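Here are a few exercises to work through with the model open beside you. Try each task before you read its solution.

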Amino acid sequence: MGYGIAIVVALVVQQADGKAQAGKPAGAAKAVARVAPATGDPQLKEARRLLNNGRYAEADEAFNAVKTAASKPPGHLEPPLKVALALGIAECRASQGEYPSAIEILKSTEAEVPGSADLPARLSDVYLTRGDWDAAEAAMKRALKVDPDNLAARWTEARLYGLRGNREKSVAACKWFIDRYNDRREQIIHDADALLLVGQAAERYYRATARGEELKDSLSDILTEIYDTALRVDPTCWRAPWLEGRLFLSGHDEMHAAQELARAQQINPLAPEVIVTLGQTDLEGYRLAAGRHKAERALEINPHYTPAQILTADLNISDERFVEARDAAQKAVAENPRDEDALARLAASYRLLVDPVGSTAAELAALAVNPHPATFYTALGERLSDRRKYHSAERAFLLAAAADPGRPDAPIGLGMLYMQVGRETEARSLFDAAFEADPFNQRSYNMIKVLKHLTTYTPVESKHYTVIVDPTQDELLGRYMSRYLESIYPTLTSRFGYAPPGKTKIEILKDHQWFSGRTVGQPFVPTVGACTGRVVALASPRATRVPFNWARVLTHEVTHVITLQQTEFNIPHWYTEALAVESEGYPRPQEWNKMLLERVPARKLLNLDTINLGFIRPKELEDRQMAYCQAQLYARYMLKRFGDDALIKMLMAYRRGLTTDRAIDECFHVAKADFEKGYLDYLDEVIKTIRIPVDDKKKDEKQVSFSQLERQVKEKPDDPELNARMAYEHFARRSYTEARPYVDKALRLKPHHPLASYVKARMLQSIGDETAALAVIEPALDPRNPNERVIDLLAELKLKAGALDEAANLYELARKDDPYHSKWIAGLARVHLRQKKKDKLLEDLAMLAANDADDLVVRKALAERHLAAGDATGAAKWANECLYINVYDPTIHVLLADAQAAGKHYDDAIEEYRTALELKIKKSGDVKVKLAKAQLGKGDRAGAKATVDEVLKADPEHPEALALRKELEGKGGK
């Protein structure tokens with residue numbers, strides 16, 4: 001639908017009042033070029049309203065109805081009305097993608113009314129949309145011959161100059177609009193369509209010529225003086241807020257863009273232009289499913305709308321669906337073979353498919369139509385940078401900047417790329433220059449703030465890593481992260497047979513807002529960690545509400561660093577995630593096992609064609625977790641079927657640029673179909689090893705509402721199952737009086753009914769009668785098929801009653817079908833604690849820790865119990881794991897130091913004691929005594945004496961310090 005030229009509604013009939021144009025001969029060139037706005041034809045106004053509201057078919061009918069009525073008697077249709085109707089009907093057809101029909105209507109009417117400038121002007125816009133520049137130029141010249149000041153034709157001329165790479169002439173042509181507006185302001189400000197053309201031309205002109213505050217002020221003036229005025233003049237002018245939204249989006253101001261686009265959509269909910277622009281905001285915010293829906297909706301309205309195909313290609317690239325991206329780009333190019341944006345997506349798709357010939361051909365096609373294709377190279381750089389093709393993206397951005405040095409988007413894109421690869425100094429100069437040139441751009445402003453903030457950070461250097469931290473908050477965290485990273489480096493690099501060159505940069509941002517700004521240049525991104533392949537960025541654990549195991553996160557992200565660089569960023573999303581999850585070293589979560597049990601038999605699974613979408617665009621809430629689970633199982637399947645070197649073989653295949661299909665064929669000499677069939681067989685074997693009973697609530701209680709359950713009980717009053725469920729619902733609401741008759745009836749109808757027995761026992765337990773509760777619940781247990789609620793409550797009651805062996809047997813029975821369930825393991829731990837079975841208790845706690853990487857309490861208990869048992873090595877292991885969750889707890893540092901001192905690792909113990917003291921631990925005197933003992937163990941008698949003296953200076957009666965000083969003096973006297 002072009003660039004905003006709408007129907008020239010001003011072309012309305014003089015026949016409305018029956019008067020001829022005074023002083024203008026019939027058929028003269030100016031006779032129908034521009035006339036006064038319509039005031040007397042409500043049907044024409046209504047047709048225009050329908051068109052602007054997106055009711056295209058109805059508008060088409062309305063315009064044709066006016067035409068039919070005005071054609072009676074034959075020959076009565078005057079040229080001005082004929083032009084207005086042709087423009088209106090053509091607009092309806094073009095809005096729905098019926099471009100040949102629109103062109104034919106405009107051409108035939110131009111032949112009938114050769115004196116109209118508006119018909120060839122609109123025709124030139126349609127041709128330009130279709131990439132037929134010669135036809136657009138010819139139509140534009142015909143319009144300007146009739147009316148040299150026709151704004152629509154002039155706008156086509158300005159765009160043609162730009163598309164052909166003649167920047168100077170394009171800028172001059174845009175300048176004409178500003179001069180025209182200044183000369184004819186009082187006339188133009190009452191014409192919405194004219195204002196839109198002036199606004200677009202002015203935006204191009206000022207972006208090409210203005211810098212700094214001048215540009216910012218000029219763009220602001222365009223928003224308020226031009227586009228807002230257009231909407232006031234014509235409240236149905238949806239293009240005005242659409243153009244405002246586009247302008248905001250170009251500056252990465254998504255919030256204001258969304259507001260304006262919403263206004264446009266309220267006026268015309270079926271404008272493909274608005275829908276696609278909204279889809280672009282979704283793409284920028286990584287809301288890919290929403291963006292795809294909008295692209296599909298736009299194509300339903302206009303199947304030939306090139307920007308919708310371009311958006312589809314972008315979404316497919318972000319989804320790593322490169323074949324589909326290529327197909328969408330080819331469709332876009334077929335619609336407009338000269339569209340630089342379409343050609344850029346085609347080139348990007350071919351590059352991502354490792355087809356250099358196709359990529360080069362698309363680039364040459366862009367150069368053939370424009371020797372300075374800045375738009376092409378900028379879009380190509382953005383798409384390749386999105387998929388971490390950093391070298392190719394850098395080349396594209398540099399060529400874009402060379403093609404048009406005045407454009408801010410290319411240096412901003414290059415700056416974002418440099419941020420991704422850790423070249424912050426170069427990025428800073430680019431952002432500074434971009435913001436100085438265009439203060440309207442929000443992203444460059446945000447990145448300058450981020451980089452200024454980062455100047456306050458300090459590095460913690462080690463052999464292979466640079467950990468960047470805020471020294472006022474995370475200096476200690478940085479030290480321990482650095483130490484941990486070096487500890488896992490040999491394992492990870494030997495596992496994958498690759499060591500990244502140089503140091504990997506790990507940036508710990510002070511809080512989530514700074515992390516979001518560092519990552520995407522916007523104030524929010526829905527994650528706490530990100531890896532670009534060369535840089536890992538994390539929001540500081542101190543800023544998160546829930547503590548997490550940062551060591552596990554780092555292991556995961558550093559695995560990405562290795563595998564992405566190892567494959568030159570060709571590794572697909574699913575495979576780098578598979579290797580990262582496998583590297584974490586934790587057992588498969590129980591939630592994953594439950595999903596496998598439900599989905600594998602039903603074959604509700606992802607495959608190699610869909611698994612990436614599980615990470616990027618999950619259809620269901622579980623799909624993302626299922627993608628991680630299946631990815632890891634793909635890796636384990638390859639190891640089992642194809643040998644220990646299978647994973648390395650695939651990495652090398654991706655490094656050579658092979659697709660997954662070709663990699664499987666070359667590495668394992670099997671077809672993809674055979675590979676997938678073997679994987680399904682492997683999953684069938686996996687679920688045989690998982691013994692998790694179907695959740696009793698899901699098995700026994702089909703989910704219905706309370707009111708539905710009431711109706712069912714009324715319909716079947718003697719159904720024990722329904723009575724038991726009604727009793728449970730009342731019990732869950734603490735309506736014990738209402739629950740009692742249902743539970744009693746259920747037990748009369750079916751003695752020892754599991755759910756009814758559970759409810760009855762819980763009610764008895766609530767009044768303190770645990771003996772009676774035990775008598776009710778015990779007969780309800782079926783050892784061959786234990787009900788989860790029944791066995792859980794029975795074991796709890798046995799434990800309280802002191803029947804420890806029976807409680808242990810019950811928890812073991814529950815574990816038989818669900819060996820890794822934390823509930824049963826925790827139950828056994830309580831039993832083993834009371835039985836004083838220390839070894840078994842430690843095993844229980846270790847399993848609980850493995851099930852939850854973020855459980856600090858269990859790890860602390862493990863460290864303390866290993867230390868009490870004299871196992872210094874085990875105590876140190878678990879104390880370190882505590883620090884991976886909370887490095888700022890001084891008691892953990894003391895615990896680790898105690899373990900290290902017990903193991904005679906005195907240097908390490910001294911460091912930990914001192915760290916605890918830096919963290920202002922309570923009872924610091926006791927810790928200092930421990931420090932002195934470690935110093936003495938190391939042989940540093942002078943240091944030990946100084947520490948003891950410090951304690952006694954603060955507390956002269958400290959008993960342990962006095963004893964240690966006596967010991968020191970005794971040794972000193974020998």
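## Exercise 1: the sheet

Five strands make up an open sheet ordered β1-β2-β3-β5-β4, with mixed pairing. (Strands are DSSP runs of E with at least two residues, helices are runs of H or I with at least four residues, and both are numbered from the N terminus; two strands pair if DSSP finds at least two bridges between them.) This is a predicted model, in which local features need pLDDT of at least 70 and side-chain atom pairs count only at pLDDT 80 or more, while totals for chains, interfaces and linings use all residues. Residues are numbered from 1 along each chain as its sequence is written, and side-chain values use heavy atoms, with hydrogens and water left out.

**Task.** Find which strands stand at the edges, and why one side of each is left without a neighbour in the sheet.

**Solution.**
- Step 1: β1 (458-461) and β4 (529-531) are the edge strands.
- Step 2: Each has a single partner strand, so one of its sides has no neighbour in the sheet.

## Exercise 2: one strand pair

**Task.** Work out in which sense β3 and β5 pair, and over how many bridges.

**Solution.**
- Step 1: Locate β3 at residues 504-509 and β5 at residues 535-539.
- Step 2: Their pairing is parallel, over five bridges.
- Step 3: For a landmark, look at K505, which stands opposite V535 in β5.

## Exercise 3: a positive phi

**Task.** Place H752 and decide: buried, partly exposed or exposed?

**Solution.**
- Step 1: H752 sits in the loop between α38 (736-749) and α39 (754-766).
- Step 2: Although not a glycine, H752 has a positive phi of about 65°.
- Step 3: H752 is partly exposed because its relative accessibility is 45% (buried is under 20% relative accessible area, exposed over 50%, partly exposed in between, with a 1.4 Å probe and protein chains only).
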